[in-house]
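Here are my notes on the model you sent over. Have it open while you go through them, since each point is easier to follow on screen.

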Amino acid sequence: MSVEPQTVVQGGTADHEHNWEQGYHTSGNPGHLAIAVCRCGAEIVLASDLRNVARERQKVIDDYHRLWYDEAPKGLTWGSTTYFGVKLWKHPADLHLYSELIYQVQPALIIETGTAFGGSALYMAHLLDQLGHGKVLSIDLNAVQKTYPRHPRIAYLGGYSSTHLRSVKEAGLMAIEAAKGQGAVMVILDSDHAERHVAQELRCYASLVTPSSYLVVEDSEIGGHPVYESFGPGPYEAVEKWLPQHPEFVEDRRLPARMLWSAHTWLRRERT
């Protein structure tokens with residue numbers, strides 16, 4: 001079998017001056033590489049085998065993703081994570097991505113729907129401390145709890161759904177105030193994960209995100225992407241239907257790719 005000159009080369013250059021060995025060697029496993037060896041020491045990898053490797057790699061990532069998610073009921077992984085003693089149901093790599101984005105965007109306001117225990121609000125407030133500016137508005141259906149961490153940069157709004165008129169109005173007023181000072185606004189959706197509710201949140205809050213800032217739709221992993229398949233349609237499906245109608249937003253796939261995977265979908269606003 002001859003080697004096509006356009007084949008990808010590892011360790012050499014695919015030109016006609018190389019003297020290639022006839023045929024390929026392979027382990028017989030379709031997930032392994034089939035390699036042709038040049039007498040000069042170069043190796044080539046067939047495109048079809050690269051696809052097999054990519055599939056195998058993604059399978060390993062997804063298997064780990066599911067393992068990490070499913071271990072929580074045992075008190076492991078996200079089921080036991082805390083920040084300064086406050087429960088925080090987040091993957092450490094996603095927390096690191098938030099630290100990078102907050103430094104990059106320098107937000108004057110971060111709007112978070114879904115307070116839970118208040119751990120993520122405190123985490124972001126501490127990051128804003130390092131910038132020397134910025135506020136966090138955390139909105140939850142439950143009334144504001146006495147156990148929430150207190151911090152001068154955090155404002156809690158409780159007792160109303162994230163899509164309730166009062167919640168949206170309060171967030172909008174704070175966003176307008178931030179924009180007056182030329183400040184950036186970031187939005188994080190992490191409340192009710194049902195597709196219908198996430199779709200309503202997107203309609204309510206996406207317009208508050210300033211250009212070059214981010215709209216983060218959390219837990220788009222559930223519903224079989226690749227975890228918790230029995231949940232049904234959720235954040236992933238809501239974004240899938242909403243995003244094509246909003247070209248001002250672009251999914252930033254670079255972020256989860258750098259960490260191999262993310263529990264969330266990261267949407268960057270490119271223009272007004």
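**Notes on the cavity and its surroundings**

1. The largest cavity takes up about 40 Å³. Keep in mind that this is a predicted model. With the threshold set at 30 Å³ or more, the structure holds 1 cavity. As background, rolling a probe the size of a water molecule over the atoms shows where empty space is left.

2. Which residues line the largest cavity? Going round the wall, you'll meet K90, L95, Y98, E112, S120, Y123, M124, I188 and E218. Sorted by class, that lining comes out as 5 nonpolar, 1 polar and 3 charged residues.

3. On where the wall comes from: α2 (92–105) and α3 (119–131) each give at least two residues to the lining of the largest cavity. The largest share is from α3, with 3 residues.

4. I188 deserves a look of its own. It is one of the residues lining the largest cavity, and it sits in strand β9 (residues 184–189). Is I188 buried or exposed? Its relative accessibility is 2%, so I188 counts as buried, the cut-off being under 20%.

5. Leaving aside residues up to four places away in sequence, I188 touches Y98, I110, I111, E112, T113, M124, V216 and E218. Y98, E112, M124 and E218 also turn up in the lining of the largest cavity. For a longer-range reference point, try H264: I188 and H264 are 76 residues apart along the chain, and their C-alpha atoms are separated by 9.9 Å.

6. Now to helix α5 (residues 195–205), where E195, H197, V198, A199, E201, L202 and Y205 are buried. What do the buried residues of α5 pack against? Their partners are the strands β6 (107–113), β7 (135–140), β9 and β10 (214–217), along with the helices α4 (165–180) and α6 (235–242). Strand β9 is the one that holds I188.

7. Aromatics next: the structure holds 12 aromatic pairs. In one of them, Y148 and Y156 have ring centres 4.7 Å apart and planes at 35°, so the pair counts as tilted; stacked would need planes under 30 degrees apart. Y148 is buried, at 5% relative accessible area. Y156 is buried too, at 18%, against a cut-off of under 20%.

8. Last one: ring pairs also join Y69, W78, W89, F117, Y228 and F231 into a cluster. I'd show those six side chains together when you check this point.

Terms used
Residues are numbered from 1 along each chain as its sequence is written. This is a predicted model: local features need pLDDT of at least 70, side-chain atom pairs count only at pLDDT 80 or more; totals for chains, interfaces and linings use all residues. Side-chain values use heavy atoms; hydrogens and water are left out. Rings of Phe, Tyr and Trp (its six-membered ring) pair if their centres lie within 6.5 Å; planes under 30 degrees apart count as stacked, over 60 as edge-to-face and the rest as tilted. Buried means under 20% relative accessible area, exposed over 50%, partly exposed in between (1.4 Å probe, protein chains only). Helices (H or I, at least four residues) and strands (E, at least two) are DSSP runs, numbered from the N terminus. Contact means heavy atoms within 4.5 Å. On a 1 Å grid over the protein atoms alone, a cavity is a set of points where a 1.4 Å probe fits but cannot get out, and a pocket is an open set with protein on both sides within 12 Å along at least five of seven lines; lining residues have an atom within 4 Å of a point. Grid points are joined across faces, edges and corners, and a volume is the space filled by probe spheres set on the points. Ala, Val, Leu, Ile, Met, Phe, Trp, Tyr, Cys and Pro count as nonpolar, Asp, Glu, Lys and Arg as charged, and the others, Gly among them, as polar.
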